[in-house]
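Me: I have just opened this entry and would like a friendly walk through it. Could we go step by step, with a short answer each time?

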Amino acid sequence: MIAFAPLAFLVIVLSANPGTANTLHNNSFDAIKGCLQFDDVPGYNDTPTYIATNTFRNVGRTSSSRYFRIGIMGKNDGHIRFGRSAFPFDEAVVELVISGWGNTQSVARRQTRRRNQSFTNVLLKEASTPRLLHKSRPLVFQLEVFDNGRVQLTKDGERRPFFEYSDSENAIPPDYMAFVKWDVDLVYFYDCPLNDGGVGAVGEESVLLRCSLA
């Protein structure tokens, strides 16, 4: 688990309209500048490391929610879990599957695992989300978790969520977060700097052109 950093970069500052700032990334990796990188990703039935979100530098808060910026790079099946504790055996967590089933759909589940790694899943929502993920560029999005059990995922530069659901009877807070994989290698980017002023809205954007010195 390491901080992502380029070998070298050239910064050109361009004036931008607030609503289009995130579309200026000529290099898709500009979106993950400042994120932490997690690439030693455990398998689906391995024991994941749950990271306390109160150690994150970048957590957005409203009167009724917390939100995070996250990136995923890989062909398919991003898996994010969050819950109340670092070792959530015999207690429910939320599992979000991002573009599973051959990069075609996303689902939300309430999952309970036991120490022998047996588990039960309760499906909360499924939706068609074709071709969200890519093996060589990150999908960067905001994950917002509301106190009433509503969860929304919104891509950088967009206003409307590409996936959302509500589980008001079993609201689970995002106090701890983990990342796993299914059948392909993935790289996750987390604790990413937030987009000031809301989704896709900043005043002035730096376009970073990366040039390797090697």
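**A strand and its partners**

Reply: Happy to! Let us start in the middle of a sheet: in β12, Gln 152 has Glu 144 standing opposite. Please keep in mind that this is a predicted model.

Me: Which strand holds Gln 152, and which residues does the strand span?
Reply: Strands here are numbered from the N terminus. Gln 152 belongs to a strand that covers residues 150–155, and that strand is β12.

Me: How many bridges join β11 to β12?
Reply: Strand β11 takes in residues 139–146, and it runs antiparallel to β12. One facing pair is Glu 144 with Gln 152. The number of bridges joining β11 to β12 is five.

Me: Which residue takes a positive phi in the hairpin of β11 and β12?
Reply: The hairpin has three residues between its strands. The positive phi there is near 95°, and the residue that takes it is Gly 149.

Me: What is the bridge partner of Gln 152 in β13?
Reply: Strand β13 (residues 163–166) runs antiparallel to β12, and four bridges join the two. Among the facing pairs, Val 151 has Tyr 165 as its partner in β13. For Gln 152, the bridge partner in β13 is Glu 164.

Me: With which side chain does the side chain of Gln 152 make a polar contact?
Reply: Leaving aside neighbours within four places in sequence, Gln 152 is in contact with residues including Gln 142, Phe 146 and Pro 161. The polar contact of its side chain has a distance of 3.0 Å, and the partner is the side chain of Glu 164.

Me: Why does Gln 152 count as buried?
Reply: The cut-off for buried is under 20% relative accessible area. Gln 152 counts as buried because its relative accessibility is 18%.

Me: Which side chains of β13 point to one face and are buried?
Reply: Along β13 the side chains alternate between two faces. Glu 164 and Ser 166 point to one of these and are not buried. Pointing to the other face, and buried, are Phe 163 and Tyr 165.

**The six-stranded sheet**

Me: Which strands stand at the edges of the open sheet?
Reply: Six strands form this open sheet, in the order β4-β14-β7-β8-β9-β10, with antiparallel pairing. An edge strand has a single partner, so one of its sides is left without a neighbour in the sheet. The two strands at the edges are β4 (51–52) and β10 (119–128).

Me: Which residue in β14 does Gly 83 stand opposite?
Reply: Strand β7 (residues 78–83) and strand β14 (residues 176–180) run antiparallel and are joined by five bridges. In β14, the residue opposite Gly 83 is Tyr 176.

**The disulfide**

Me: Which residues does the disulfide join?
Reply: A search of the whole structure finds one disulfide. Its S to S distance is 2.0 Å, and the residues joined are Cys 35 and Cys 192.

Me: How many residues apart in sequence are the parts that this pair ties together?
Reply: Cys 35 lies in the loop between β2 (9–15) and β3 (36–38), while Cys 192 lies in the loop between β15 (187–190) and β16 (204–210). The pair therefore ties together parts whose separation in sequence is 157 residues.

Me: Are Cys 35 and Cys 192 buried or exposed?
Reply: Cys 35 has a relative accessible area of 1%, and Cys 192 has a relative accessibility of 0%. With the cut-off for buried at under 20%, Cys 35 is buried, and Cys 192 also counts as buried.

**Two positive phi angles**

Me: Where is Ser 99 found?
Reply: Ser 99 has a positive phi of about 55° although it is not a glycine. Its relative accessible area is 0%, so Ser 99 is buried. The place where Ser 99 is found is strand β8 (residues 92–99).

Me: Where is the place of Asn 103?
Reply: Asn 103 is not a glycine either, yet it has a positive phi of about 65°. It is buried, with a relative accessible area of 12%. Its place is in residues 100–103, which form helix α1.

**The whole protein**

Me: What does the protein average in pLDDT?
Reply: A score of at least 70 is reached by 79% of the residues. The average pLDDT of the protein is 84. Over residues 1–24, though, the pLDDT is below 50, and over residues 198–214 the pLDDT is likewise below 50.

Conventions. Residues numbered from 1 in each chain as written. Predicted model: local features only at pLDDT ≥ 70, side-chain atom pairs only at ≥ 80, totals over all residues. Heavy atoms only, no water. pLDDT = per-residue confidence, 0-100. Contact = heavy atoms within 4.5 Å. Buried < 20%, exposed > 50% of the residue type's maximum accessible area, 1.4 Å probe, protein only. Polar contact = N/O pair within 3.5 Å; in protein donor to acceptor, adjacent residues only side chain to side chain. Pairing = 2+ DSSP bridges. Disulfide = S-S within 2.5 Å.
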